[in-house]
Each structure stands twice: as structure tokens, then as C-alpha cells.
Amino acid sequence: MYKIISENTIKRISDDAFIPKDSANMDYQQFLQDVRTHGVGIVEGVDVETQISYVDARVAEYPPLQEQLDKIYHSGVSAWKTDIKAIKDKYPKTQVGITSVAALPNWVTSIQKTP
Amino acid sequence: MVIRVSKPEINLRDKLSQLELPVGPYGSSLMRSDDRMEAARIVGVGRKNMIRNGNFIINQKATTFTNISSAHIFDGWYGHDSTNGSIAATIAEATPYPPECSKYIQIQCTGTDTNLSSGQYVSLSCSIEGTYFQQAQWGTRHAKDLTLSFYHRHTRPGVYSGCFRNSAANYNYVFEYTQEQADTWELAEIIIIGETTSSWTTGTGKAVNLNWSLGDESSVSDTPNKWFSGQYYHGSTRQLNFMTNTSNYFRITAVQLEVGKGKTPFDDIGYEEMLAWCKRYYQQVGPASSSVMILTGAGNGTQRIRGMHQLIPEMRATPTVTADTSSENFTFYAYQASPPSYSSVSSISATSKNFHWDFNTGTHNQAGYAFDVKGSGAMVKATAEL
């Protein structure tokens, strides 16, 4: 399993080794071989930190009002509060940014998997 | 007029005896050499051994490796064991000492496998960078013959073998040697005719992989003394199985690969030069005493510390860098207030000349201030192995 750290660095998760994107590096050659063998599913994209307020983050994740009302009708207020609290806890008022995982760069997706 | 002509007396017996001066075969070769190039080659001047750490004097990583599966072990050497048994390797220095060197690698069978399954093998190997192998001029019409020599003292007598392979591991030349007497130092000398047809790297990549087999199943073995195509061959079909008994020991030293036909004395280039050569492929920062700094950096914001470390000598390629905290975390010394605790690696990036590290820490509120990094167990490893 690997994680993209930057345009030039890959992290091998098993031992936290930082592998350069250098064709002369044997670990990078092994990375290419592993992707060819197992596909890009073994690679996670780079972490992206975005500046977003907790209000905006919560609003983006709350279900539509119709769904919330439906939840109350079918499961009761307690169940609805549980769902809403999970989102509030996920984005606390102290939050200053969100970390998400970006899509894999082209130099990874273009590595051909061996049939 | 009379002209008298005289000439000095010639002692014919003395002249004949001069023709019988004792001259050995190499002496006569030297006298017959046509030019300085040929004479220099016969004398064997200059660095000639293409194999790094062939006398096992450098050991940057550990003194012993146990349960080896596939790993770079001592500097320049790689161990592989895919059998159901197990092996351990150490650098030994004990009587009976081998000729020419005092240290040797000793591999012990620590778990047996008397019946190797398909594709299983045990091997010790080393790889040669193209910049060192280019002198052989393989793949050209000027290809030179090479001599591989080493001393071996295996406890189990019989036929052993090895293999020359190209970097893609799909073009092979198997060789054999015999341990005649158990547990006795013996010399192996193998001559390989210059290869003129294939492609051999001359740059900073891997040119040749040289394997010693300790056991190989039939699908990865072949008959010796010929070049043939095939992926991942390791030894000969007559290779004995080293993995039959936990009292089996495999030992070699003074490993030398040189241009020319015939072994010359082992090329001892000295400790400091060998260490520098090995650091081209592997460098380690720390561990050191808990009171000794191994890196210096500065506060990067309030929860990180970062810095740069120079790699000397420049490494073969951009290295893989790992912060090894398996036995202990890094600690810090702060010049302002209390130092934070180490959390994790934020990122490390490298070139062949240096690496830049950035560690996550507890909150320190000392952005821009200097920190020392210490580690009595923690270390940073930079690897550009072949």
C-alpha cells in the first residue's frame, strides 16, 4: 500500500519509507511493479487540506430537510439527533480546515496494469 | 700496411647461462607484453575489484541478521530465502582465518527444509553498478574476460554454484565450484569469457547481479558455463541443498571480480575508501547516545520541526528515506523553553545530495527557533541500493 505525498515522493505505508519518483531508485521500480501487478487501488492520493468553516462543512453534509423529516417520522427524534450529532462532532466549532484525499495524479493512473 | 682487428673475448658458457635465468610464466608474460596497457593489466595496478565490500569490513546496519527472507543485509550484500527453513547471517572473524582477509560472511541454516518446492531457493548476492562494470566492456566487441575469485569454507562438502545475471534477471551464466574438504578454506577461481552480444548498463543502474546459491529447486537451476535466457535463475542443477541441517555453515570472503584471466591478490582499498563506496548506496544518521545530536532543525510553525541533512558522499540515486522509530522516538533539545515531544513524520523529500525532513511534534510555540534532534535508538536511513 502506498500514499502519494507530493509530485516527487511516495510513502510506503508498511514502513513509512519516503520513496522518490526516481527511475534509478529500486523502491520506485518496485512501486511501479506493484501497481502493474495489483492496479492503482493500492495507491492513495495526496492529502489536500482545504480552508472551510465548520458551518459550511456541516451544511454540506446535513441531509436534505425532506430526508431529515422522514427520519423523524420513521425513527423518532432521538435517532435523528444521533445522525445530526455525528456530523456536528465530525466538524467541531474549533475546526479550521478539512483534510481530504485528492484523485491520483496522471503519472500514477497512466501506469499500465499487467494483464 | 697491416691492419689489426681485435674484438673482446666472448664467454659462450656465460651467455648461455643467462638464457636460463629462472622466469615464471607471469614474468615471461610481462616480458612478452607489447605495450604499457598490457603490462599494467598483468601487474594488476589500480582499483581492480568490481565487488563492493568483498572482504566484509563494512557493516553499517547490524551485526547479525536472522530469519532473512529478502533483504539487503551487510553493505553490498543481499540475502534471500524462500524455503520453508530459515537462515541467519553474521560477519565473523575467527580461526581458522581465511587467506588474504580476516573477516568473512557466515550464513547458518537455522531452520531446515530438506525438500525444496517449486521455485524455492536460498541465495546470497551482490549487484555491480554500471559505472564500475563498464571497464569490462561487455556487450561490445572489446568485451574482456573476467575472473571471479573467492575463498569458501562450507561445512557441507560438495558441489556449490552461482549465477551471473543481467539487470533484468533474464540472461544468465551459471558457474560451479566444489567444497572438497568440509570446514576448510579453499579457493574458487572462475573465468567468464567476455560477453559480446547482450546489453549491459554502463551508467548508475545495476549492470550485473552475482548470486551464490545455497540451494535451488530445479525450475530455477540449469547446467553451468553457458549463457542462456530465462527469468531468475540462481545456480546449477548439481547444487547441494544447504538447508538440510542446522549445523550447516556457508562462509565466503575475499570476493573479487576483475578483468583478465586469472586471480590476482585481493584488492584491499582500505577502510575509509570502502566506507565511502558503501555510503554511495546506504547511509544512516544515528542512532547515537541520548545526549548527542544527530540532526539540527528549526520550528516550522508551532507543531512541526524541520531541517536538512547533507548526504556525503553523493548517493548513487535519489534515496528512499525512512525515519526508523521502531525502538525509540526522536527527542529534541530546545534553545528556547521546553522541547516538544516527537509525534510522527510529516514528510521527507530527498535528492542524491541531501534530504529534507519535517517532523510533527507536540505544540512548542517556538516557530523559527533552533532545535537539536537526538536519538539513542531512533535513526534516519537513506537507501539507494541496487
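These legends accompany close-up views of a predicted model with chains A and B.

**View 1. Helix 2 and helix 3 of chain B pack against each other.** Welcome to the first stop, a pair of helices in chain B. Helix 2 of chain B covers residues 25-32 and helix 3 of chain B covers residues 36-43. Their axes lie 9 Å apart, at an angle of about 160°. Angles over 145 degrees count as roughly antiparallel, so helix 2 of chain B is roughly antiparallel to helix 3 of chain B. The crossing of helix 2 of chain B with helix 3 of chain B is left-handed. From helix 2 of chain B, look for B:Tyr26, B:Ser29 and B:Leu30; they meet B:Ala39, B:Ile42 and B:Val43 of helix 3 of chain B. By class, the residues in this contact are five nonpolar and one polar, with no charged residue.

**View 2. Helix 3 and helix 4 of chain A also form a packed pair.** Here, residues 65-75 make up helix 3 of chain A, and residues 77-90 make up helix 4 of chain A. Their axes are 7 Å apart and the packing angle is about 140°. Helix 3 of chain A and helix 4 of chain A are therefore oblique to each other. On the helix 3 side of chain A you will find A:Gln68, A:Lys71, A:Ile72 and A:Ser75. Their partners in helix 4 of chain A are A:Val77, A:Ala79, A:Trp80, A:Asp83 and A:Ile84. This contact of helix 3 with helix 4 of chain A has five nonpolar, two polar and two charged residues.

**View 3. Chain A meets chain B.** Chain A brings 13 residues to the contact and chain B brings 16 residues. Together the two chains bury about 1000 Å², with 53% of it on carbon and sulfur atoms. Three residues to pick out are A:Phe18, A:Ala24 and A:Met26, which supply 47% of the area that chain A buries against chain B, more than any other three residues. Zero salt bridges are found across the interface of chain A and chain B.

**View 4. Cis peptide bonds precede B:Pro287 and B:Pro313.** The bond joining B:Gly286 and B:Pro287 is cis, with omega about -5°. B:Pro287 sits in the loop between strand 16 (282-285) and strand 17 (293-299) of chain B. The bond from B:Ile312 to B:Pro313 is cis too, with omega near 0°. B:Pro313 belongs to the loop between strand 18 (304-310) and strand 19 (320-324) of chain B.

**View 5. B:Ala169 has a positive phi.** Although B:Ala169 is not a glycine, its phi is about 60°. To find B:Ala169, look in the loop between strand 8 (158-166) and strand 9 (171-179) of chain B.

Definitions and conventions. Residues numbered from 1 in each chain as written. Chains lettered and ligands numbered in written order. Predicted model: local features only at pLDDT ≥ 70, side-chain atom pairs only at ≥ 80, totals over all residues. Heavy atoms only, no water. Axes fitted to C-alpha atoms, helices over the stretch in contact; angles between N-to-C directions. Helix = DSSP H or I, 4+ residues; strand = E, 2+ residues; numbered from the N terminus. Parallel < 35°, antiparallel > 145°, perpendicular 65-115°, else oblique. Left-handed = near helix turned anticlockwise from the far one by under 90°. Contact = heavy atoms within 4.5 Å. Nonpolar A, V, L, I, M, F, W, Y, C, P; charged D, E, K, R; others polar. Buried area = accessible area lost by both parts, 1.4 Å probe. Salt bridge = Lys/Arg side-chain N within 4 Å of Asp/Glu carboxyl O.
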